[in-house]
Amino acid sequence: MDDIRCFCCEKQLPEGSLKYVVEIKSFADFDCFLEDYPGDVEEGMMELLEEMEDVDAKVLEDDVYQEMIFVLCKECRDKFYKNPFQSTQQFYVDKEIKGSIH
Ligand SMILES: [Zn+2]
């Protein structure tokens, strides 16, 4: 059997024990607002596409979307859920924030 440990406290999580999977997904937000482009937009798009050809596809993908998966024990999951980023800011549970970031 694989040795499964909590990502935070490294406590062993034997088969049949309570464990939690935390998935973190981050993706580039689009708020439908495009910056004023000084010049011909079509030309700018062509330049951008040419630049993208030189960039590694994985790097490009990571810029847009990333996913991380962690296994946690109950105590660490509870702590994580109360304050995922150890921040003093109030966090939003509301999905309405998507597409509204400026
Ligand atoms: Zn733990």
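## Overall architecture

The protein chain contains three helices and two strands. Read from the N terminus, these elements follow the order β-α-α-β-α. The model is predicted.

The chain has 102 residues, of which 10% count as buried. About 9400 Å² of the protein chain is exposed, and 56% of this area comes from carbon and sulfur atoms. Where contacts link residues at least 6 apart in sequence, 75% of them join residues at least 24 apart.

## The zinc site

Four cysteine sulfur atoms serve as the protein donors of the zinc ion: the SG atoms of Cys6, Cys9, Cys73 and Cys76, lying 2.3 Å from the ion. The angles among these four donor atoms run from 102 to 115°, and the site is tetrahedral. This assignment holds because four donors count as tetrahedral if all angles lie between 85 and 135 degrees.

Along the sequence, the donor residues follow the spacing C-x2-C-x63-C-x2-C. Cys73 and Cys76 are both buried.

## The nonpolar core

The largest nonpolar core consists of eight residues: Cys6, Leu13, Val22, Ile24, Phe70, Leu72, Cys73 and Cys76. Two elements, E1 and strand E2 (65-72), each give two or more residues to this core. Three of the zinc donors, Cys6, Cys73 and Cys76, are thus also members of the core. In soluble globular proteins, nonpolar side chains tend to be buried together.

Leu72, one of the core residues, has contacts beyond its neighbours within four places in sequence. These contacts are with Cys6, Phe7, Cys8, Leu13, Lys19, Tyr20, Val22, Arg77 and Phe80. Among them, Cys6, Leu13 and Val22 also belong to the core.

## Residues with positive phi

Two residues other than glycine have positive phi values: Glu10, with phi near 65°, and Gln86, with phi of about 50°. Glu10 lies in the segment before strand E1 (20-27), whereas Gln86 lies in the segment after helix H3 (74-82).

Is each of these side chains buried or exposed? Glu10 has a relative accessible area of 55% and is therefore exposed. Gln86, with a relative accessible area of 66%, is likewise exposed. Both values meet the criterion for exposure, which is a relative accessible area over 50%.

Key
Residues are numbered from 1 along each chain as its sequence is written. This is a predicted model: local features need pLDDT of at least 70, side-chain atom pairs count only at pLDDT 80 or more; totals for chains, interfaces and linings use all residues. Side-chain values use heavy atoms; hydrogens and water are left out. Donors are N, O and S atoms within 2.8 Å of the metal (3.2 Å for Na, K and Ca); water is not among the atoms, so sites may look incomplete. Four donors count as tetrahedral if all angles lie between 85 and 135 degrees; four count as square planar and six as octahedral if opposite donors are over 155 degrees apart and all others between 65 and 115; anything else is irregular. Buried means under 20% relative accessible area, exposed over 50%, partly exposed in between (1.4 Å probe, protein chains only). Helices (H or I, at least four residues) and strands (E, at least two) are DSSP runs, numbered from the N terminus. Contact means heavy atoms within 4.5 Å. Accessible areas come from the Shrake-Rupley method with a 1.4 Å probe; for residues, only the protein chains shown count as cover. A nonpolar core is a set of buried Ala, Val, Leu, Ile, Met, Phe, Trp, Tyr and Cys residues joined through side-chain atoms within 4.5 Å.
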